[in-house]
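Work through the exercises below with the model open. Try each task before you read its solution.

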Amino acid sequence: MLRPVAIHCLLSTLLCMWALCNGQSPSSPPVIQLRLAGEKRKHYEGRVEVFYNGEWGTVCDDDFSITAAQVVCRELGFMNAESWSPSAKYGSGEGRIWLDNLHCTGGEKTLAQCHSNGFGVSDCKHSEDVGVVCTQKRIPGFKFIQNQANNDEGLTVQVEDVRLRATYSQRKRIPITEGFLEVKDGGKWRQICNEEWTEKNSRVICGMYGFPGEKRFNARPYKLLATRRKKNFWGFSVNCTGNEADLSDCKMGGEIKQKGNSTCEKGMPVVVSCVPGRAFAPSVSAGYRKAYRLEQPLVRLRGGAMIGEGRVEVLKNGEWGTVCDDNWSIQAATVVCRELGFGSAKEALTGARLGQGIGPVHMNEVECSGFEKSLTECYFNRDAVGCSHEEDAAVRCNVPAMGFNKRLRLNGGRNPYEGRVEVLAEKNGSMVWGTVCSDSWGTMEAMVVCRQLGLGFASHAFQETWYWQGDASADAILMSGVRCSGTELTLDQCLHHGKHILCPKGGGRFAAGVSCTQTAPDLVLSAQAVEQTTYLEDRPMYALQCAHEERCLSSSADKADPSSYRRLLRFSSQIHNNGQSDFRPRAAHHSWIWHECHRHYHSMEVFTHYDLLTLNGTKVAEGHKASFCLEDTHCDEGIQKRYACANFGAQGITVGCWDTYRHDIDCQWIDITDLKPGDYIFQVVINPNYEVAESDYTNNIMRCRSRYDGQRIWTYNCYIGGSQSTETEETFPGLLTNQLSHR
């Protein structure tokens, strides 16, 4: 029989062996360091890498769970985990696979406390490396843990927050472009010693704050201020290469020895001074007067709701085209952002996340160092075989904090994305909240409001808001006569009456309102379909009775003999929805109008304008405002049709589908009976009154050159608005901007 002492010894031996096999002690787990690494990632996501025994390695995805991801994120100083990804989503790592078959309860303080096979015990390959996405919010008071990994080159900067602290004289400037750099670590704001600080470090900081570059500054006033302030330096230097998108991507530098007031003896706290993009020129006033438009750039953004985001398009041989997302990286995205006057990239988006473009795919497999002045300087493959617009690359850039959203608010809505529009304006010497007159209020104005508040695109513009109970103290009208072009960044950049308010119907129930949405449709007419289907037909008046009643003929047809003929320029309209959400008519079922000619209901009475113009833009053939029944005629492969006109069905155009109005149906023409021979411009405009919100209106217009000899017509050089260079489009007056309707 075993004695109690022997049993105790045996149990102790077994426990020690178990702890040894599991690579962890029951009392104190091994000291490890974590980091997030990999491709196409933001600073709060990436491949999980572990520093153990002097070497960086990865974690296998076998048995990994969201609770393990939570332990990882909290150990890195983030509040929580959003998700995790198996199968090397962020690329395959290198070196050892340190942990496999991890089982965490979620309460562990370090990943080393979770049960596993033991450090280095794994049957996995790097194709199984696990990744996590953490919440962006940092743990208040998070202190960067100093351990054996600090001397390793691979360790990145991990702090709670970063800020530019402007001097008193600079604080009223918008945006703040210069100040002391401070990092928050362990719940306290700390300065960084400038002894090892470089311009490349400043470049990264400026990029984070929405500025394309750094500049020199007058150090004298800062030296004076630094001597008067209490010194509280962060314990490390920073080592950026200059092409990082965020400070958290930069490597840690050497440790700074803390010597009280003698710390950083040969230097002073780091000061960063940035160059703003021209759209964000600093101004003492609360904003700037109007949105800046670049003169014929080589790169542009399209289809984004916010300033500094959109599908990337490049100009080549006079034609705009897109960029294929193969190898699309945060470095390439940052080059685009800086080129356009923004900061570094927040996101490099793939898979046509901000809508599909039109025209050719100009660039593929783009590789940038991050220091190029333009995307066109980066290496790329000119062969885009296999790339479709489903792979169009896009970006979201860091932009300066302008405080726009503090001067506008939505009130009374059922959710934060809708409500009565209320503006902050000066009245009798004080700043007060008030409403906006809804006279002439439409989609363009609503678009600017949603953009200013960072809420995406406009969904609807409301001229009555009695059903939304706003703030009673803000009932007074403070803004009237608002007319926006759609490019403005704030409502006060739009044309308006200024201090002399004129609002005949008053505020209250007639105050302007909006609803916003994160996605929008984008309709594009197929120029090729129009060019290929245009022809003339002479048709007798007796066969046009229905069309005549619907005002599809020129006014001279009112007096025409029933046996006479009308000459009709016929063509097909093929309208694609390239956006991110379905195109739906505003009108409800009960207000749709029955059209005898087409034998179905039309949900939009003015959906397109058909016109023939002289070369200087004067209308010659009386075009007409065509109403449509909207349906999915055809869809891309794998997309289901959702809308049909038959049987009073739901109307609209699904994303990835198109609506075809064939050349042989009534009213799909322009009546040119009275037209003289000559050269003309044939024009089609979709959604001309901006009745339905879209992500891009510039591509809603199509123009062709036409030559008519009295018997035959030739239609050629059909272009979609915004698809050609400025020089090409100057031959088509009005094509550059879709300012065709007068609401």
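**Exercise 1. A strand-to-strand pair**

Are E313 and R300 buried or exposed? Then find what joins them, and where each one sits.

Solution. This is a predicted model.
Step 1: check burial. E313 and R300 are both buried. Buried here means under 20% relative accessible area.
Step 2: look at the contact. A salt bridge joins E313 and R300, with 2.8 Å between the closest N and O atoms.
Step 3: place the partners. E313 belongs to strand β15 (residues 309-316) and R300 to strand β14 (residues 299-302), so the bridge ties together parts 13 residues apart in sequence.
Step 4: follow R300 further. Its charged end sits over the ring of W320, 4.1 Å from the ring centre.

**Exercise 2. Burial on the two sides of a bridge**

Which side chain meets E182 in a salt bridge? Give the burial class of each partner.

Solution. Step 1: find the partner. The side chain of R163 meets that of E182, at 2.7 Å from N to O.
Step 2: place both. E182 is in strand β8 (residues 178-185) and R163 in strand β7 (residues 161-165). The pair is 19 residues apart and links distant parts of the chain.
Step 3: classify E182. Its relative accessible area is 3%, so E182 is buried.
Step 4: classify R163. Its relative accessible area is 27%, so R163 is partly exposed.

**Exercise 3. A bridge between loops**

How far apart in sequence are the parts that R509 and E464 tie together?

Solution. Step 1: confirm the contact. R509 and E464 form a salt bridge, and their closest N and O atoms are 3.0 Å apart.
Step 2: locate the ends. R509 lies in the loop between β25 (477-479) and β26 (513-517), and E464 in the loop between β24 (457-462) and β25, so the tied parts are 45 residues apart in sequence.
Step 3: check exposure. R509 has a relative accessible area of 43%, so it is partly exposed. E464 has 31%, so it is partly exposed too.
Step 4: look for shared partners elsewhere. R409, R420, E422 and D475 are joined into one network by salt bridges that share partners.
Step 5: count. The structure has 26 salt bridges.

**Exercise 4. Aromatic geometry**

How many aromatic pairs does the whole structure hold? Classify W234 with F236, and F462 with W468.

Solution. Step 1: count. The search finds 17 aromatic pairs.
Step 2: take W234 and F236. Their centres are 5.4 Å apart and their planes meet at 65 degrees, an edge-to-face pair. Both W234 and F236 are buried.
Step 3: take F462 and W468. Here the values are 5.1 Å centre to centre and 80 degrees between the planes, again edge-to-face. The cut-off for this class is over 60 degrees.
Step 4: check W468. Its relative accessible area is 7%, so W468 is buried.
Step 5: widen the view. F462, W466, Y467 and W468 make up one aromatic cluster.

**Exercise 5. The cavity**

How many cavities of 30 Å³ or more are there? Describe the lining of the largest cavity.

Solution. Step 1: count. There is one cavity of 30 Å³ or more.
Step 2: give its volume. The largest cavity holds about 120 Å³ of space.
Step 3: read the lining. It includes R35, H43, F78, R138 and S248.
Step 4: sort by class. Four lining residues are nonpolar, four are polar and three are charged.
Step 5: inspect two lining residues, R138 and F78. R138 lies over the face of F78, 4.2 Å from the ring centre.

Conventions: Residues numbered from 1 in each chain as written. Predicted model: local features only at pLDDT ≥ 70, side-chain atom pairs only at ≥ 80, totals over all residues. Heavy atoms only, no water. 1 Å grid on protein atoms, 1.4 Å probe; cavity = no way out; pocket = protein on both sides within 12 Å on 5 of 7 lines; lining within 4 Å. Points joined across faces, edges and corners; volume = space filled by probe spheres on them. Nonpolar A, V, L, I, M, F, W, Y, C, P; charged D, E, K, R; others polar. Salt bridge = Lys/Arg side-chain N within 4 Å of Asp/Glu carboxyl O. Helix = DSSP H or I, 4+ residues; strand = E, 2+ residues; numbered from the N terminus. Buried < 20%, exposed > 50% of the residue type's maximum accessible area, 1.4 Å probe, protein only. Phe/Tyr/Trp six-rings, centres within 6.5 Å; stacked < 30°, edge-to-face > 60°. Lys NZ or Arg CZ within 6 Å of the ring centre and 35° of its normal.
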